[in-house]
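Let's look together at a few residues that catch the eye. Keep the 3D view open as you read.

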Amino acid sequence: MLHITRKENMVLNQIKYFQNEYKNGVPYRILKLDLDLSEMDLKDILILLDEKEIVSYKDGNVTILRTDEINVCENVAVVKKEILNQTEEKAFEIIKDVAGESGLISRSLLEGHMLYCELKLSSIRTYKMILALENKKLIKKVQRPDGEYFTLNF
């Protein structure tokens, strides 16, 4: 599920509206004339939509790539919160897969999977992710003679 703000949704709706009229992509200048946004805001929104792979913004033309599974949020803070929740869910699924039936995973193995595998989180994000999962009581820290481990609580 992709999360966008109301302004991003407003721009996306205008692109959808003009899409039938402009088969090779909606020109930027048409959007600029029609929308009541500053040039910087419009360009920033188009770049964000392009990064989320909802639209393609190239050479001053905008084309829609996808419109399914889009959730409109109030503001950027809500969008970031939703994305964090999705990342936590993915992280927990990875932990369950790696831990296997024993439900036990070493701290170094857990951090390695967060840093270098599918999620590719930074060190700080990895630390915060582990803390968030601990605070939500999804994993629990266990001290063993051979090192620090985490056990799954499910």
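A residue counts as buried when its relative accessible area is under 20%, as exposed when it is over 50%, and as partly exposed in between. Cys117, with a relative accessible area of 32%, is therefore partly exposed. Cys73 is at 6%, so this cysteine counts as buried. Keep in mind that this is a predicted model.

Cysteines invite another check. A disulfide is a covalent bond between the sulfur atoms of two cysteines. How many disulfides does the structure hold? The count is zero.

Next, turn to the backbone. Most residues other than glycine have a negative phi. Asp59 has a positive phi, near 50 degrees, and is not a glycine. Lys120 also has a positive value, about 50 degrees. The table shows where to find them.

| Residue | Loop between | Relative accessibility |
|---|---|---|
| Asp59 | strand 3 (55-58) and strand 4 (61-64) | 80%, exposed |
| Lys120 | helix 5 (107-116) and helix 6 (123-135) | 61%, exposed |

Finally, follow the chain into helix 6, where you will find Glu134. Is Glu134 buried or exposed? Glu134 is buried, yet has no salt bridge. The nearest side chain of opposite charge belongs to Lys141, 4.4 Å away. A salt bridge needs a nitrogen of Lys or Arg within 4 Å of a carboxyl oxygen, so this pair does not count as one. Leaving aside residues up to four places away in sequence, Glu134 touches Ile139, Lys141 and Phe150.

Key:
Residues numbered from 1 in each chain as written. Predicted model: local features only at pLDDT ≥ 70, side-chain atom pairs only at ≥ 80, totals over all residues. Heavy atoms only, no water. Disulfide = S-S within 2.5 Å. Buried < 20%, exposed > 50% of the residue type's maximum accessible area, 1.4 Å probe, protein only. Helix = DSSP H or I, 4+ residues; strand = E, 2+ residues; numbered from the N terminus. Lys, Arg positive; Asp, Glu negative; His and termini not counted. Contact = heavy atoms within 4.5 Å.
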